[in-house]
Amino acid sequence: MGSTIGRRRFLAAGASAAGVPLAGCSAIADFLGGMFLEDVNVFNGTDRELSGSIEMLDPNGDVVLEERFDLPSSESDGDDGGNESDGGDRESMGIYEDVLTDSGEYTVSIELDGAVGGESGATETVEVASPDEEHVTVFVGADEAGDSIVVAVIEEFSDLEEYDDEFSE
């Protein structure tokens, strides 16, 4: 169910769109970012490898996501040999498809194998109004938010600026 994508590839798409000096640039960035975002996205914004697990309950209390992840640092260039489970291509963003099915409150729990900024886990309830248009995002090591783990619902790629200044550069 889950897969990963390199943060650099993700940012490159946004940077390419942001570099176009035309009105509506954010619309281009949102279009390109929409190609990468899935229902649930876990971003490693730290300078070290991040491993742990994520679990998500739907509005009925049913488990709709239960996965382990191993994400290299956001500063990794992806050519460090990787690990056996992903064929050597290590990525810094975990993406999970086909998770959001109904409107309502979803409970997201993330547990890290080590602490980040003094936090080793978080459980948040988020409201998803439009499952076909919204994405649940988990930022670990978020720069701007002031918290080490932030769970949020976004609609577009440009909404990421609020949580990590690297996405707005």
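Here is a chat about a predicted model, going from its cores to a few single residues.

Residues are numbered from 1 along each chain as its sequence is written. In this predicted model local features need pLDDT of at least 70, side-chain atom pairs count only at pLDDT 80 or more, and totals for chains, interfaces and linings use all residues, while side-chain values use heavy atoms, with hydrogens and water left out.

Colleague: Which strand gives the most to the largest nonpolar core?

Modeller: A nonpolar core is a set of buried Ala, Val, Leu, Ile, Met, Phe, Trp, Tyr and Cys residues joined through side-chain atoms within 4.5 Å, and buried means under 20% relative accessible area (1.4 Å probe, protein chains only). Strands here are DSSP runs of E, at least two residues, and helices are runs of H or I, at least four, both numbered from the N terminus. The largest core has 25 residues, and Ile-54 and Val-138 are among those touching the most other members. With 5 residues, the top giver is S6.

Colleague: How many residues are in the other core?

Modeller: This one lies apart from the largest core, and Phe-43, Met-93, Ile-95 and Phe-139 are among its members. Its count is 7 residues.

Colleague: What is the angle between the planes of Phe-43 and Phe-139?

Modeller: Rings of Phe, Tyr and Trp (its six-membered ring) pair if their centres lie within 6.5 Å, and planes under 30 degrees apart count as stacked, over 60 as edge-to-face and the rest as tilted. Phe-43 lies in strand S2 and Phe-139 in strand S8, so the pair ties together parts that are 96 residues apart in sequence. The centres are 4.9 Å apart and the pair is stacked, with an angle of 5 degrees.

Colleague: Is Asn-44 buried or exposed?

Modeller: Asn-44 sits in strand S2. Its side chain makes a polar contact of 2.5 Å with that of Thr-46; such a contact is a pair of N or O atoms within 3.5 Å, where within protein one must be able to donate a hydrogen and the other to accept it, and residues adjacent in sequence count only if both atoms are side-chain atoms. Because its relative accessibility is 0%, Asn-44 counts as buried.

Colleague: Which residue is the bridge partner of Val-140 in S9?

Modeller: Two strands pair if DSSP finds at least two bridges between them. S8 and S9 run antiparallel and are joined by 6 bridges. In S9, 5 of the 6 residues are buried. The partner of Val-140 there is Ile-149.

Conventions: Buried means under 20% relative accessible area, exposed over 50%, partly exposed in between (1.4 Å probe, protein chains only).
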